[in-house]
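Dear colleague,

Please find below the structure that I am handing over to you. I would be grateful if you could read the notes beneath it with the coordinates open.

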Amino acid sequence: MPELPEVEVIRQSLNKKIKQKKVIKVIVRNRNLRLKIPLNFEDFLKNQKIIKVDRFSKYLILYLSNKSFCLIHLGMSGTIHLVKNSKNNLFTNTSFYSSLKLPKKHNHVEIIFKNLKIVYNDPRRFGFFQIISSSNLLKERFLNLGPEPFQSKFTLDYVFSFFKGKQKNIKNFLIDQNFVSGIGNIYASEILFLSKIKPIKKASLLKKEDCKKIITNSRKILSNAIKKGGSSIRDFKNISGKSGHFQKNFKVYERQGLNCKRPKCQGTIQKKTISNRSTFFCDYCQK
């Protein structure tokens with residue numbers, strides 16, 4: 001599943017290509033995604049101008065000219081392909097995982113503009129489209145989610161207070177979207193390594209200095225990943241065919257059995273399953 005940096009790369013690409021463009025036509029081939037696409041979806045989007053493409057957490061948000069919104073979530077396997085009418089589209093994938101080219105199967109939704117279209121492909125159908133009719137309802141839609149690491153709400157007081165008395169381990173909190181939005185399995189391991197905190201440590205045992213490190217390093221890791229175009233665990237590439245490069249900066253993720261990259265550390269990277277997710281850490285420098 002794409003995490004915040006990968007969705008931000010998609011947002012930037014779409015905002016550059018479809019901002020201020022008018023929707024000419026919408027084709028829905030399969031409404032049975034995680035949330036069923038409503039029957040009026042095509043008519044609702046038709047003739048709307050895309051004011052901008054925004055993002056919160058792992059959600060893409062299309063701002064529409066009638067002051068409503070269209071949320072897009074990619075789920076486990078969703079990809080968005082941008083197809084231009086006038087060009088031989090060698091690379092269409094703006095999204096995460098899977099084929100660089102537009103696949104022949106599982107193209108469930110097409111949003112068509114004057115000279116291009118975006119196509120939503122999703123073999124597993126865990127993604128969804130959702131219409132939100134007002135800005136108040138958009139705020140309500142995200143009320144159950146925690147702040148993003150970049151937001152001013154993600155403060156030392158917030159983090160330290162949230163962890164008080166909590167017996168759950170810190171790795172599970174970092175991927176808990178109710179605590180903080182946008183961090184997933186890959187970046188949680190990298191954040192904890194940079195913070196020198198073992199992923200199985202109980203959140204209630206973290207000191208304020210530990211919480212400061214988590215805040216600082218969450219922002220550092222995610223910012224760096226965005227700058228490097230995300231992480232290409234499999235085939236994440238943008239519409240220019242370029243891979244995300246942050247995987248070259250991995251210190252622990254998928255490095256089990258290898259020596260720790262921290263200078264002078266004598267540790268070895270371990271792999272442990274936590275809540276059915278693979279977690280990677282150094283057995284020496286993470287305490």
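The notes below cover confidence, one helix, one loop residue, the salt bridges and a surface patch.

Confidence

Please bear in mind that this is a predicted model. The mean pLDDT of the protein chain is 91, and 91% of the residues score at least 70. Residues 232-245 need caution, as pLDDT stays under 50 there. The model nevertheless has 45 contacts beyond four places in sequence for residues 232-245. Where pLDDT is low, predicted coordinates should not be read in detail.

Helix H6

Helix H6 spans residues 185-194. Of its 10 residues, 9 are buried, so H6 is largely enclosed by the rest of the structure. The buried set comprises Asn185, Ile186, Tyr187, Ala188, Ser189, Glu190, Ile191, Leu192 and Phe193. What do these buried residues of H6 pack against? Their partners are H1, helix H5 (170-174), H7 and strand S10 (277-282). After H6 comes lysine 196, which has a positive phi near 60°.

Isoleucine 200

The loop that joins helix H6 to helix H7 (208-227) contains isoleucine 200. With a relative accessible area of 42%, isoleucine 200 is partly exposed. Its contacts, apart from neighbours within four places in sequence, are Asn169, Lys272 and Ile274. Between isoleucine 200 and phenylalanine 280 there are 11 Å in space, C-alpha to C-alpha, although the two are 80 residues apart in sequence.

Salt bridges

Side chains of opposite charge can pair when their charged atoms come close. How many salt bridges does a search of the whole structure find? The search returns 8, and three of these pairs are described here.

Arginine 11 pairs with glutamate 8, with 3.0 Å between the closest N and O atoms. Both of these residues are buried. They are 3 residues apart in helix H1, and therefore separated by about one helical turn. An α-helix has 3.6 residues a turn, so residues three or four places apart point the same way. The pair also belongs to a wider arrangement, since a network of salt bridges links Glu8, Arg11, Arg55 and Glu148.

The side chains of lysine 168 and aspartate 176 form a second salt bridge, at 3.1 Å from N to O. Is each partner buried or partly exposed? Lysine 168 is partly exposed, because its relative accessible area is 33%. Aspartate 176, at 18% relative accessibility, counts as buried, because the limit for that class is under 20%.

In the third pair, lysine 52 and aspartate 54, the closest N and O atoms are 3.8 Å apart. Lysine 52 counts as partly exposed at 33% relative accessibility, and aspartate 54 likewise counts as partly exposed, at 24%.

Surface patch

Which residues form a nonpolar patch on the surface? They are Met1, Met76 and Phe126, and together they have about 240 Å² of accessible area. Methionine 1 belongs to the segment before helix H1 (4-18). Its relative accessibility of 33% places methionine 1 in the partly exposed class.

With kind regards

Note on methods:
Residues numbered from 1 in each chain as written. Heavy atoms only, no water. Patch = residues over 30% accessible without salt bridge, like charges linked within 9 Å, V, L, I, M, F, W, Y side chains within 5 Å. Areas by Shrake-Rupley, 256 points an atom, 1.4 Å probe, with all protein chains shown as cover. Salt bridge = Lys/Arg side-chain N within 4 Å of Asp/Glu carboxyl O. Helix = DSSP H or I, 4+ residues; strand = E, 2+ residues; numbered from the N terminus. Buried < 20%, exposed > 50% of the residue type's maximum accessible area, 1.4 Å probe, protein only. Contact = heavy atoms within 4.5 Å. pLDDT = per-residue confidence, 0-100.
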